[in-house]
Amino acid sequence: SLAGVEVHQAIAQCIHLQHLDLGRTGPFLPPPVLAAALSPLQSLLFLNLATTAVDSCCLDAIAPILPRLEFLDLSDCPLLTARDLQHLSDLLKSNVLRSLRLANLRADDLSLYRISLQTHALSSLDLSGVAALTESTLRLFCSRNPRLTSLHLMGCSLLSSHIFSEVLPSL
């Protein structure tokens, strides 16, 4: 859309932008336009793309900035698939990511497991509504992220009550 192109052009000119919140704006920017808007933003530390039209093309566009991001929200992105999340895990290799929000994504446990292997500095993790999350992957997230102080798991139906007595004391 014309408005989407104008937004892309405006964002792309802000090359020193450190904080970008497009969350809950809906899919008004088609994936190629969103990818083009994000690719020049090499200084970003905070990126909220919740409910936007993020797809594998967009993940490739933000790949160069992922190692510097401190906050990433991909919650409720309708186009993201388990395969895209596995691709994200290949790109993520981050020492600084403090907050990761993946609520309500169509993830499988393998993609979550692979993401857990790439994070180790998280203080906040939101996997609410991710029905495929297993206890073994949750344990791995918790053990690999000793600074974790905020954990959102509402709607994770594969988790039993005993996992919380195991995991909560470590938070």
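**Notebook: a look through the predicted model**

Both Phe-46 and Phe-71 are buried. I started with these two while working on a predicted model.

**Entry 1. Aromatic rings**

I searched the whole structure for aromatic pairs and got one. The pair is Phe-46 with Phe-71, ring centres 4.1 Å apart and planes at 5 degrees. Planes under 30 degrees apart count as stacked, so this pair is stacked. Next I looked up where the two rings sit. Phe-46 belongs to strand β2, and Phe-71 belongs to strand β3, residues 71–73. The pair therefore ties together parts that are 25 residues apart in sequence.

**Entry 2. The sheet**

I then traced the strands. The sheet is open and has six strands. I read the order as β1-β2-β3-β4-β5-β6, with parallel pairing. Which strands are at the edges? They are β1 (19–21) and β6 (150–152), and each pairs on one side only. I also noted the turn between neighbouring strands of this sheet: 5 degrees on average, direction ignored.

I took one pairing in detail. β1 pairs with β2 (residues 46–48) in the parallel sense, over three bridges. Here I found Leu-20 opposite Leu-47 of β2.

**Entry 3. Cysteines**

How many disulfides does a search of the whole structure find? Zero. I went through two cysteines to see how far off they are. Cys-58 is in no disulfide, and its nearest cysteine sulfur belongs to Cys-57, 5.4 Å away. The cut-off for a disulfide is 2.5 Å between the sulfur atoms. Cys-58 has 1% relative accessibility, so I logged Cys-58 as buried. Cys-156 is in no disulfide either; the nearest cysteine sulfur is that of Cys-142, at 11 Å. Cys-156 is buried too, with a relative accessible area of 7%.

**Entry 4. Positive phi**

I checked backbone angles at two loop residues. Thr-51 has phi near 70 degrees, a positive value in a residue other than glycine. Thr-51 sits in the loop between β2 and α3 (56–62). Is Thr-51 buried or exposed? Its relative accessible area is 17%. Buried means under 20%, so Thr-51 is buried.

Asn-104 has phi near 60 degrees, again positive in a residue other than glycine. Asn-104 is in the loop between β4 (99–101) and α5 (109–118). At 42% relative accessibility, Asn-104 counts as partly exposed.

**Entry 5. Asp-55**

I went back to the loop between β2 and α3, because Asp-55 is found there. Asp-55 has 18% relative accessibility, so Asp-55 counts as buried. Which residues does Asp-55 touch, not counting those up to four places away in sequence? I listed Pro-31, Leu-79 and Leu-80. I also took a C-alpha to C-alpha distance to Pro-78: 8.7 Å in space, for residues 23 apart in sequence.

**Entry 6. Helix α4**

I counted buried residues along α4 (residues 82–92). Eight of its 11 residues are buried, and the helix is mostly covered. My list of the buried ones reads Ala-82, Asp-84, Leu-85, Gln-86, Leu-88, Ser-89, Leu-91 and Leu-92. What covers the buried residues of α4? The cover includes α3 and α5.

**Entry 7. Helices α5 and α6**

Next came the axes of α5 and α6 (residues 135–144). The two axes come within 9 Å and cross at roughly 10 degrees. Angles under 35 degrees count as roughly parallel, so α5 is roughly parallel to α6.

I then noted who meets whom. From α5 the residues are Asp-109, Leu-112, Tyr-113, Ile-115, Ser-116 and Leu-117. From α6 they are Thr-137, Leu-140, Phe-141 and Arg-144.

I picked out Thr-137, which lies in α6. Its relative accessible area is 0%, and Thr-137 is buried. Which residues is Thr-137 in contact with, leaving aside its neighbours within four places in sequence? I wrote down Asp-109, Leu-112, Tyr-113 and Ser-116. These four appear among the α5 residues that meet α6.

Notes: Residues are numbered from 1 along each chain as its sequence is written. This is a predicted model: local features need pLDDT of at least 70, side-chain atom pairs count only at pLDDT 80 or more; totals for chains, interfaces and linings use all residues. Side-chain values use heavy atoms; hydrogens and water are left out. Two strands pair if DSSP finds at least two bridges between them. Axes are lines fitted to C-alpha atoms, for helices over the stretch in contact, and angles run from 0 to 180 degrees between N-to-C directions. Buried means under 20% relative accessible area, exposed over 50%, partly exposed in between (1.4 Å probe, protein chains only). Rings of Phe, Tyr and Trp (its six-membered ring) pair if their centres lie within 6.5 Å; planes under 30 degrees apart count as stacked, over 60 as edge-to-face and the rest as tilted. Angles under 35 degrees count as roughly parallel, over 145 as roughly antiparallel, 65 to 115 as roughly perpendicular and the rest as oblique. Contact means heavy atoms within 4.5 Å.
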